[in-house]
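Reader: I should like to examine how the descriptive terms applied to this model are justified. Please set each value against its criterion and draw the conclusion.

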Amino acid sequence: MIRSIQVDCKSNGYSLKLILASPETSQGFAVINCNGLGPGSAKVNDSEWVTVDGSFINSARLPARDIALDLRFVPTANDESVADIRRKSYVYFPIKQTVRLTFEFEDFRAKSTVRKRWIEGIVQKNETGPWSEEEGCSIVIRCGDPFFRDVDIEEDSFSLIDPKFHFDFPDDISDHPFPISEILLFTEKLLMNASTIHVGAIFKIESTAAVVNPGLYNRTTNQRLDLEYTLLPGEVIVIDTRKGHKRMYKQDGFNTNIIRYLKPGSKWLQLAPGSNQVGYLADSGAENLVISYKIEPVYEGI
């Protein structure tokens with residue numbers, strides 16, 4: 001059950017929270033209907049033969065998503081008229097501008113769990129009816145990226161802190177150093193993809209000393225991404241394998257593109273739904289690598 005819809009306009013910074021069960025606290029906007037929140041329909045390109053039944057599927061893709069919001073204008077407690085609220089809709093839903101919609105809803109599988117998923121798009125239409133008996137507006141938001149994303153992002157690194165704290169301190173710790181903890185580096189780790197579809201991730205590769213030709217791999221999907229590049233001490237590389245956002249750059253203040261160092265035959269690592277055995281390697285110096293990652297769960301619908 002959807003509880004609220006948060007509207008954030010990127011161009012002017014204005015925000016509006018539409019609480020479905022309490023329109024009087026939603027600055028005069030009552031949500032009547034909202035369409036376009038399901039998985040949608042894929043566009044399938046196929047070819048037919050004259051003498052053969054059926055067709056040959058060439059490709060399938062998910063087109064842009066249209067989200068339609070029907071709102072009713074309700075007078076507020078601070079003496080705002082319906083006309084005032086209609087003019088406010090031009091501020092929260094400006095034509096041709098980008099807005100982010102964040103849907104907060106209760107998960108039926110765990111009734112005490114509240115989840116938030118967001119999507120961005122451009123306001124294609126804001127049609128108001130000033131001559132109707134009950135004033136309101138119809139908003140259409142065109143989302144070029146049709147997927148919903150989770151507010152919660154999984155972020156971690158290929159390391160583990162092993163506690164070694166103990167008592168009985170020496171009198172002079174400068175002469176007798178003792179470990180408080182130790183960072184253990186692992187070359188493989190189980191990465192969890194909470195999405196229902198294959199998604200990419202953002203990987204950050206940091207070097208503490210020279211590393212020759214580093215690479216990433218996913219045993220679960222049998223994919224591998226290799227670089228023909230030597231990292232210098234302290235160098236940081238970011239690899240974004242998310243669909244529609246794929247890029248590879250050096251984090252040097254200028255985000256220098258290093259896509260030319262991608263080894264032929266490499267795949268942009270994707271994570272299958274569930275657990276993925278992901279690791280890293282190098283021709284030499286793999287022990288000098290520190291890998292961190294971010295996974296943004298993606299969904300076809302609310």
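Author: In this predicted model, Arg-86 lies in helix H1, which spans residues 82-92.

Reader: Why is Arg-86 called buried?

Author: The relative accessible area of Arg-86 is 15%. Buried means under 20%, and Arg-86 is therefore classed as buried.

Reader: What makes the pair Arg-86 and Glu-135 a polar contact?

Author: The side chains of Arg-86 and Glu-135 are joined at 2.7 Å. A polar contact requires a pair of N or O atoms within 3.5 Å, so the value of 2.7 Å satisfies the distance criterion.

Reader: Why is Trp-49 called partly exposed?

Author: Trp-49 is found in the loop between strand E4 (43-48) and strand E5 (55-61). Its relative accessible area is 46%. The partly exposed class lies between the buried limit of 20% and the exposed limit of 50%, so Trp-49 belongs to that class.

Reader: What makes Trp-49 eligible for a nonpolar surface patch?

Author: Patch residues need over 30% relative accessible area, and Trp-49 has 46%. Together with Val-52 and Phe-56, Trp-49 makes a nonpolar patch of about 310 Å².

Reader: How do you know that strands E1 and E7 pair?

Author: Strand E1 (residues 2-9) and strand E7 (residues 98-106) share 7 bridges in the antiparallel sense. Pairing requires at least two bridges, so the criterion is met. Ile-2 has Phe-105 in E7 as its bridge partner. E7 is also joined to strand E8 (residues 114-128), antiparallel, by 9 bridges, with Glu-104 opposite Lys-116.

Reader: How do E1 and E2 meet the criterion for pairing?

Author: These two strands run antiparallel over 5 bridges, where at least two are required. One bridge sets Gln-6 opposite Lys-17 in E2. E1 and E2 form a hairpin with 5 residues between them, and Gly-13 in the turn has a positive phi of about 80°.

Reader: What makes the side chains along E2 alternate?

Author: In strand E2 (residues 15-19), Leu-16 and Leu-18 point to one face and are buried, whereas Ser-15, Lys-17 and Ile-19 point to the other and are not.

Reader: Which strands are the edges of the open sheet of 6 strands?

Author: The order of that antiparallel sheet is E11-E23-E15-E19-E20-E21. Strand E11 (154-157) and strand E21 (256-257) are its edges, as each pairs on one side only.

Reader: How do you know that E20 and E21 pair?

Author: Strand E20 (residues 247-250) is joined to E21 by 2 bridges. The requirement is at least two, so the pair qualifies. Lys-250 stands opposite Thr-256 in E21. The loop between E20 and E21 holds Asn-255, a residue other than glycine with a positive phi, near 50°.

Reader: Why is Asn-255 called partly exposed?

Author: The value for Asn-255 is 40%, which lies between 20% and 50%; Asn-255 is therefore partly exposed.

Reader: Which residues have the most contacts inside the largest nonpolar core?

Author: That core has 27 residues, and those with the most contacts inside it are Phe-203, Ile-237, Ile-239 and Met-248. Elements that give two or more residues include strand E15 (202-207) and strand E19 (236-240). E23 gives the most, with 4 residues.

Key
Residues numbered from 1 in each chain as written. Predicted model: local features only at pLDDT ≥ 70, side-chain atom pairs only at ≥ 80, totals over all residues. Heavy atoms only, no water. Patch = residues over 30% accessible without salt bridge, like charges linked within 9 Å, V, L, I, M, F, W, Y side chains within 5 Å. Areas by Shrake-Rupley, 256 points an atom, 1.4 Å probe, with all protein chains shown as cover. Salt bridge = Lys/Arg side-chain N within 4 Å of Asp/Glu carboxyl O. Buried < 20%, exposed > 50% of the residue type's maximum accessible area, 1.4 Å probe, protein only. Polar contact = N/O pair within 3.5 Å; in protein donor to acceptor, adjacent residues only side chain to side chain. Core = buried A, V, L, I, M, F, W, Y, C linked by side-chain atoms within 4.5 Å.
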